[in-house]
Amino acid sequence: MKQADLIISGATILSMDAELAIHQDHDLIVTDGKISAIEPQGKHIWQAQETLDAQHCIVMPGLINTHSHLPMSWFRGLADDLPLDIWLNHYIWPLEARLLSKSFIYDATLFGAGEMLKSGITMTNDMYFEMSAIADACIKAGLRALISEAVIEAKMGADYRPSLLVLKYKDRYRDQPLVDFSLAPHAIYTCSGDMLRRCAQAAKEHDLLIHIHLSETAAEVENCLREHGKRPVHYLNDIGLLEARCVFAHGVHIDAGEMEVLQQKPVSISICTDSNLKLASGLAPIKAYLDHGINLSLGTDSVASNNDLDLLGELSSTAKLHKALNNDPAFLPAIEALKLVTINAARALGVEDRRGSLEIGKDADFLVIDTQSLNSMPIYEPASQLVYALNSRQIRDVFVAGKQVVKEQRLVNLDEAELLQTATRYATMIKEELSK
C-alpha cells in the first residue's frame, strides 16, 4: 500500500483540467499538501492517516478571487446606492484617511479572510495598504493571498518607489507559502504617467504582476481621452505597462480597438459583475473579450461595493446575465463559466502550474460541497448544478495546501464569535466617527 496524508472518499470530482474531466465516485488523495492521485473509489492501493467521507458531495478546485480589497470589511453597507465618484470621494477615502491603522487593517482582513474561506475562496488577489498586516491576517486564517500596496500618488508622493516595498516584503515572507506580493498602481487617474512607467519597469525587471483598476466607468475613459488624447489601453500601451503581466480590474469600458491590443499582451481582465451593477458602472463586454481570446476571471471587489464575498453567487449572476445580454442561452455554458473562478483565475495570477485545477502534483486547494439539500437535487450535470442551483452555504469543507480551514461549515483557524464581536466594535467606532 502507498501512504498518504488524506483521502477524500467517494466524491464527484470536477477536475477543471484541460479535458474538463469529471470523475464520479472517485477518491482524491493528498500527500504533503499536494494531490498525489485521483482514483476510482475502492480500486487503488492508497491508504491514509485520515479519510473524509465525501459521498453525495462535489469536490472542485478552490475558488480564486482575482480582485479584492479585504481590509474594507468594516465598510460593508456604509455608503450604498451612490455613484462611484461620490462613494469614493465623500465616504470611503475620507474615512480611510481618518481611521486606517495596522490594527484596523489586520482585524478587517482577518474578518474578510474568514468570509472568503467560508465562501470557498482559497486564494485572493488583494489590493490595499499595509501589506504586512494583510499578509499576517491571511496566514493566520489559512487563506492564500497575492497582496499589493495600492499606489495613490497624492497619498504617497511622486518620489515613491513601489518596487522597493514589494521586494522588501517578498524577502520578509519568503518562507511563507500562503502569501506573495505584487505591484498595484491604483488607477490611471491616481497615478501619473511617470509613476506608471516606474511600475512597468519594476514589474518587468523583477517579474512582478501588476494589479490595476482600469476603465471601470465611462467617465474614466472620457477623462483619459481629454487629458491624453487616447483611450486607457492605448495610453498604458504607449507607457509600456502592457509589456508586464497585468490583471485589469473591471474593464467595463474597453472597445474592440483596445481589445486588439490586449490580445497580444500578457494581460487578464477581472470581471466584477455585482460591484459594477450596484455602482451602475456598466457591464463588461465578456463575449467580445472571449472572441478576442483574452483571459477572463472574476473578482468580488470589496464588500463596500458588492456587498459580499460570495464568488459562486458572482459566477451565477454573471453567467445568466450575459446570456440575456447576448440573447443566447448557450453563451458561457456552466463548465466554461467555472473556468473564470478556477483555471482562468490561476492563469491570471501566474499560478496555473500549481492551482486552478485538481491534477497530480498541484496544490491540494479544494472544496467539498454537500449536495444533499432540496435546492440541489436531483443532479444530472454537476457543473450546471454548481453554477445555477448550489450556493456557498453548501460548501461543507475547505482545504488549502491539504490543511482543513473550514470543517463542516465552521472556520478551523479563527473564532467566529470573536470575529463578530470585533465587527460590532468597529461599527460602533465608525458610527461615532461619522457623527462628528
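A residue counts as buried when its relative accessible area is under 20%, as exposed when that value is over 50%, and as partly exposed in between. Keep that scale at hand for this tour of a predicted model.

**Stop 1: E258 and R231**

Start by selecting E258, in helix α9 (residues 256-262). Its relative accessible area is 0%, so E258 is buried. Now add R231, whose side chain meets that of E258 in a salt bridge, 2.8 Å from N to O. This pair links distant parts of the chain, 27 residues apart, with R231 sitting in the loop between α7 (218-228) and α8 (232-239). Is R231 buried or exposed? The answer falls in between: R231 has a relative accessible area of 21% and is therefore partly exposed.

**Stop 2: D365 and R144**

Next, select D365 and R144. Here the closest N and O atoms of the salt bridge are 2.6 Å apart. Where in the fold do the two residues lie? D365 is in the loop between α14 (343-348) and β14 (366-370), while R144 belongs to strand β8 (residues 144-151), so the pair ties together parts that are 221 residues apart in sequence. Both partners are worth colouring by accessibility. D365 is buried, because its relative accessible area is 6%, and R144 is buried too, at 4%.

**Stop 3: D353, R354 and a network**

Move on to D353 and R354, whose side chains meet in a salt bridge with an N to O distance of 3.5 Å. D353 is exposed, with a relative accessible area of 54%. R354 counts as partly exposed, with 35% relative accessibility. Then select K34, R144, R355, D363 and D365 together: salt bridges that share partners join these residues into one network. You have already met R144 and D365, which form a salt bridge with each other. How many salt bridges does the structure hold? There are 23.

As background, side chains of opposite charge can pair when their charged atoms come close.

**Stop 4: two helix crossings**

Hide the side chains and show the helices. Pick helix α2 (residues 102-118) and helix α16 (residues 416-434), whose axes come within 10 Å and cross at roughly 130°. With that angle, α2 and α16 are oblique to each other. Rotate the view to look at the handedness: α2 passes α16 in a left-handed crossing.

For the next crossing, select helix α6 (residues 193-206) together with α8. Their axes are 9 Å apart, and the helices pack at an angle of about 60°, which makes α6 oblique to α8. In this case the crossing of α6 past α8 is right-handed.

**Stop 5: P382 and T12**

Go to P382, which is found in helix α15 (residues 382-388). P382 is buried, with a relative accessible area of 5%. Which C-alpha distance should you check here? Try P382 to T12: the C-alpha atoms are separated by 8.0 Å, although the residues are 370 apart along the chain.

**Stop 6: a nonpolar surface patch**

Finish at the surface by selecting L277, L283 and L325, which make a nonpolar patch of about 250 Å². L325 lies in helix α12 (residues 311-325). With a relative accessible area of 49%, L325 is partly exposed.

Notes. Residues are numbered from 1 along each chain as its sequence is written. This is a predicted model: local features need pLDDT of at least 70, side-chain atom pairs count only at pLDDT 80 or more; totals for chains, interfaces and linings use all residues. Side-chain values use heavy atoms; hydrogens and water are left out. Patches are made of residues with over 30% relative accessible area and no salt bridge: like charges are joined within 9 Å, nonpolar side chains (Val, Leu, Ile, Met, Phe, Trp, Tyr) within 5 Å. Accessible areas come from the Shrake-Rupley method with a 1.4 Å probe; for residues, only the protein chains shown count as cover. A salt bridge is a side-chain nitrogen of Lys or Arg within 4 Å of a carboxyl oxygen of Asp or Glu. Helices (H or I, at least four residues) and strands (E, at least two) are DSSP runs, numbered from the N terminus. Buried means under 20% relative accessible area, exposed over 50%, partly exposed in between (1.4 Å probe, protein chains only). Axes are lines fitted to C-alpha atoms, for helices over the stretch in contact, and angles run from 0 to 180 degrees between N-to-C directions. Angles under 35 degrees count as roughly parallel, over 145 as roughly antiparallel, 65 to 115 as roughly perpendicular and the rest as oblique. A crossing is left-handed if the near helix is turned anticlockwise from the far one by less than a right angle, and right-handed if clockwise.
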